[in-house]
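Dear colleague,

I am handing over the structure below, together with an account of what was found in it. Please read the notes with the model open beside them.

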Amino acid sequence: MIYIYRTIENAKVPHTNRLVSMVENKEGGRICRFTPVGRSYLPLNLKELLDALICVSEALVAMHALGIMHRDIRWANVFHNTSRNDNIRNLQPEPELLTSSHEWTLFDFEFAALVPQTAFEAHTLTPGNHAPEMVNTEDHEVHSEHGLPVDIWGLGYLLQHSYVDVPASHASELQKLRNDCLNKIPIDRPAAAHCLEVFLALKEKPPSTEKDMLV
């Protein structure tokens, strides 16, 4: 994990958290401090959804160029950045002193690794939270290795679990991309750069008044 954090920091990968310090505790474990700070929650509207997906996609484009995959992309590992007045020294500022940002950050690189990697045993991962090729099970063909497409599956997982009322003008394109990202065949999933292009185009597209759910 330390190597991954140092690599993404040296490469200035956007929208990822940084390891600030690490100290040993009395029990022999490690206490790590990261920056920036924010709040993990599901996007509340189309703007927040697209902002989050754009930020995660931009992070993946840069990470994948380095051969790094996150392997655990879900809303619990994405937070909405908050900024604090630099003049405030209180370690726990009042909520009204925190301001929201358009930026979302991908964090928790515990599962991150260089490509390729072998599959996990089924009991080590939460069922349904990871791309199928990451897990050795008796229910499907066993994949000996997995690579960058697992993160694209993660983008599809974010869309699948967003629960945002999406304007009808955007729903079909997001549904198609979600399905493409969740394709069971890894090589048939789109690249992170393609996903980013779709999200950026949808952000510029005027929304309609009709609403729809991503189903």
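One definition is needed at the outset: a polar contact is a pair of N or O atoms within 3.5 Å, and within protein one of the two must be able to donate a hydrogen and the other to accept it. Please keep in mind throughout that this is a predicted model.

With that definition in hand, Arg189 is a good place to begin. The residue lies in the loop between helix 4 and helix 5, and a polar atom of its side chain is 3.0 Å from the backbone oxygen of Pro149. The side chain of Arg189 also makes a polar contact, at 2.6 Å, with the side chain of Glu133. Is Arg189 buried or exposed? Arg189 counts as buried because its relative accessible area is 7%, where buried means under 20%. Leaving aside residues up to four places away in sequence, the residues that Arg189 touches include Ala131, Pro132, Ile152, Trp153, Asp180 and Lys184.

A second polar residue to look at is Thr105, which is found in strand 6 and is buried, with a relative accessible area of 1%. Its side chain makes a polar contact of 2.7 Å with the side chain of Asn81. Beyond four places in sequence, Thr105 touches several residues, among them His15, Thr16, Asn17, Pro36 and Phe79.

As for the whole, the protein has five helices and eleven strands, and 44% of its 215 residues count as buried. Its accessible surface comes to about 11900 Å², of which carbon and sulfur atoms hold 53%. Among contacts with a separation of 6 or more, 71% join residues that are 24 or more positions apart.

In soluble globular proteins, nonpolar side chains tend to be buried together. Here the largest nonpolar core has 43 residues, and Leu155, Leu174 and Phe199 are the ones that touch the most other members. Two or more residues of this core come from each of helix 1 (2-10), helix 2 (46-65), strand 6 (98-106), helix 3 (149-160), helix 4 (168-181) and helix 5 (192-204), and helix 2 gives the largest share, eleven residues. Leu155, when residues up to four places away in sequence are not counted, touches Leu53, Val56, Ser57, Leu60, Ile73, Cys181 and Cys195. Another core, of ten residues, lies apart from the largest one and has Met69, Phe120, Tyr157 and Leu182 among its members.

Turning to the strands, strand 1 (residues 18-24) and strand 2 (residues 30-35) pair in the antiparallel sense over six bridges, and the bridge partner of Glu24 is Arg30 in strand 2. Five residues lie between the strands of this hairpin, in which Gly28 takes a positive phi near 90 degrees.

Further along the chain, Ala122 sits in the loop between strand 8 (120-121) and strand 9 (135-136), where it is partly exposed, with a relative accessible area of 33%. Twelve residues separate Ala122 from Met134 in sequence, and their C-alpha atoms are 8.8 Å apart in space.

Lastly, a word on the cysteines: how many disulfides does the structure hold? The number is zero. Two of the cysteines can serve as examples of their surroundings, since Cys55 is buried at a relative accessible area of 4%, whereas Cys32 is partly exposed at 28%.

With kind regards

Key. Residues are numbered from 1 along each chain as its sequence is written. This is a predicted model: local features need pLDDT of at least 70, side-chain atom pairs count only at pLDDT 80 or more; totals for chains, interfaces and linings use all residues. Side-chain values use heavy atoms; hydrogens and water are left out. Helices (H or I, at least four residues) and strands (E, at least two) are DSSP runs, numbered from the N terminus. Buried means under 20% relative accessible area, exposed over 50%, partly exposed in between (1.4 Å probe, protein chains only). Contact means heavy atoms within 4.5 Å. Accessible areas come from the Shrake-Rupley method with a 1.4 Å probe; for residues, only the protein chains shown count as cover. Two strands pair if DSSP finds at least two bridges between them. A nonpolar core is a set of buried Ala, Val, Leu, Ile, Met, Phe, Trp, Tyr and Cys residues joined through side-chain atoms within 4.5 Å. A disulfide is a pair of cysteine sulfur atoms within 2.5 Å.
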